[in-house]
Amino acid sequence: MEYRKFMRGSVPAYPKGTAFPERLALMSGEEETDLSWLRDTTSGSVVFVMSAGCEACDLDAAVGLMEERPELTYLLLAEANDADFELLIEELAPFSVRIERCEISAVADRTPIKVIPFMIVLDREGVAVGSGLFNTTLDASAHARTLGANGKAIEAGA
């Protein structure tokens, strides 16, 4: 897994029109986690993939989007040790977000996510409508603009 500061050139996107997995092994050698709930949301969802050990990963950027777009459903896949994971849970307690502990390498092995901090914007059926790197709320908001308030993708040029 490469962190943003080491990236050269373009960042691979999560392919638009691709459904997010209903089940995903978030840790090497462990059972898959049920993520099918992402395919049945009212207004769409955002999946953040971050690591406590990543200097470019800024939780405030994700929090800013959660404050700006409270109608969306949020999932944070976080690579963190026990202490850092507990801090994440405490810090995000005021927000409606599910937090799952993960190994970034395990997620990268099973998805097109190859860099962090990364986010995927999903329509209300769990299909990707936007994605990319983010480390500011402005970045996160720009990616989330691909999703209308009705939970459907906003067509380019519309």
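Which are the buried residues of H1? The legends below take up that question and then move through other close-up views of this predicted model.

**View 1. Helix H1 and its surroundings.**
The buried residues of H1 are Leu59, Ala61, Ala62, Val63, Gly64, Leu65 and Met66. With seven of its 10 residues buried, the helix is mostly covered. Look around it and you will find the elements that these buried residues pack against: E4, E5, H2, E6, E8 and helix H4, which spans 137-144. At the start of H1, Asp58 is worth a zoom, as one of its side-chain oxygens reaches to within 3.0 Å of the backbone nitrogen of Asp60.

**View 2. Strand E4, buried along its length.**
E4 covers residues 45-51, and seven of its seven residues are buried, so the strand is largely enclosed by the rest of the structure. In a regular strand, side chains alternate between the two faces of the sheet. Here, Ser45, Val47, Val49 and Ser51 point one way, while Val46, Phe48 and Met50 point the other way. Both sets are buried.

**View 3. The neighbours of E4 in the sheet.**
E4 and E5 run parallel and are joined by seven bridges. To find your place in this pairing, look for Val49, which stands opposite Leu77 in E5. E4 also pairs with E8, this time in the antiparallel sense and over five bridges. A handy landmark there is Phe48, opposite Met119 in E8. Together, E4, H1 and E5 make a right-handed β-α-β unit.

**View 4. The largest nonpolar core.**
In soluble globular proteins, nonpolar side chains tend to be buried together. The largest nonpolar core of this model has 51 residues, and those with the most contacts inside it are Phe20, Val47, Phe48, Leu76 and Ile120. H1 supplies the largest share of this core, six residues. Leu76 makes a good centre for the view: leaving aside residues up to four places away in sequence, Leu76 touches Phe48, Met50, Leu59, Leu88, Leu92, Val97, Arg98, Ile99 and Glu100.

**View 5. The two sides of helix H2.**
In H2, which runs over residues 82-92, the buried residues are Phe85, Leu88 and Leu92. They cover an arc of only 55° around the axis, which puts them on the same side of the helix. This buried set packs against helix H1 (59-68), strand E5 (73-79) and strand E6 (97-101). Turn to the other side of H2 and you meet Asp82, Leu87 and Glu90, which are exposed.

**View 6. The beginning of H2 and the Asp82 contact.**
Asn81 caps the N-terminal end of H2, with a side-chain oxygen 3.2 Å from the backbone nitrogen of Ala83. Asp82 lies in the helix and is exposed, with a relative accessible area of 54%. Which residue's side chain does a polar contact of 2.5 Å join to that of Asp82? The partner is Arg101. The two residues are 19 residues apart along the chain, and their C-alpha atoms are separated by 9.4 Å.

**View 7. A cis peptide bond at Pro117.**
Most peptide bonds are trans. The bond that joins Ile116 and Pro117, however, is cis, with omega about 0°. You will find Pro117 in the loop between strand E7 (115-116) and strand E8 (118-122).

Technical notes. Residues are numbered from 1 along each chain as its sequence is written. This is a predicted model: local features need pLDDT of at least 70, side-chain atom pairs count only at pLDDT 80 or more; totals for chains, interfaces and linings use all residues. Side-chain values use heavy atoms; hydrogens and water are left out. Buried means under 20% relative accessible area, exposed over 50%, partly exposed in between (1.4 Å probe, protein chains only). Helices (H or I, at least four residues) and strands (E, at least two) are DSSP runs, numbered from the N terminus. The arc is that of the directions from the helix axis to the C-beta atoms. Contact means heavy atoms within 4.5 Å. A polar contact is a pair of N or O atoms within 3.5 Å; within protein, one must be able to donate a hydrogen and the other to accept it, and residues adjacent in sequence count only if both atoms are side-chain atoms. Two strands pair if DSSP finds at least two bridges between them. A crossover is right-handed if, with the strands pointing away from the viewer, the path from the first strand over the helix to the second runs clockwise. A nonpolar core is a set of buried Ala, Val, Leu, Ile, Met, Phe, Trp, Tyr and Cys residues joined through side-chain atoms within 4.5 Å.
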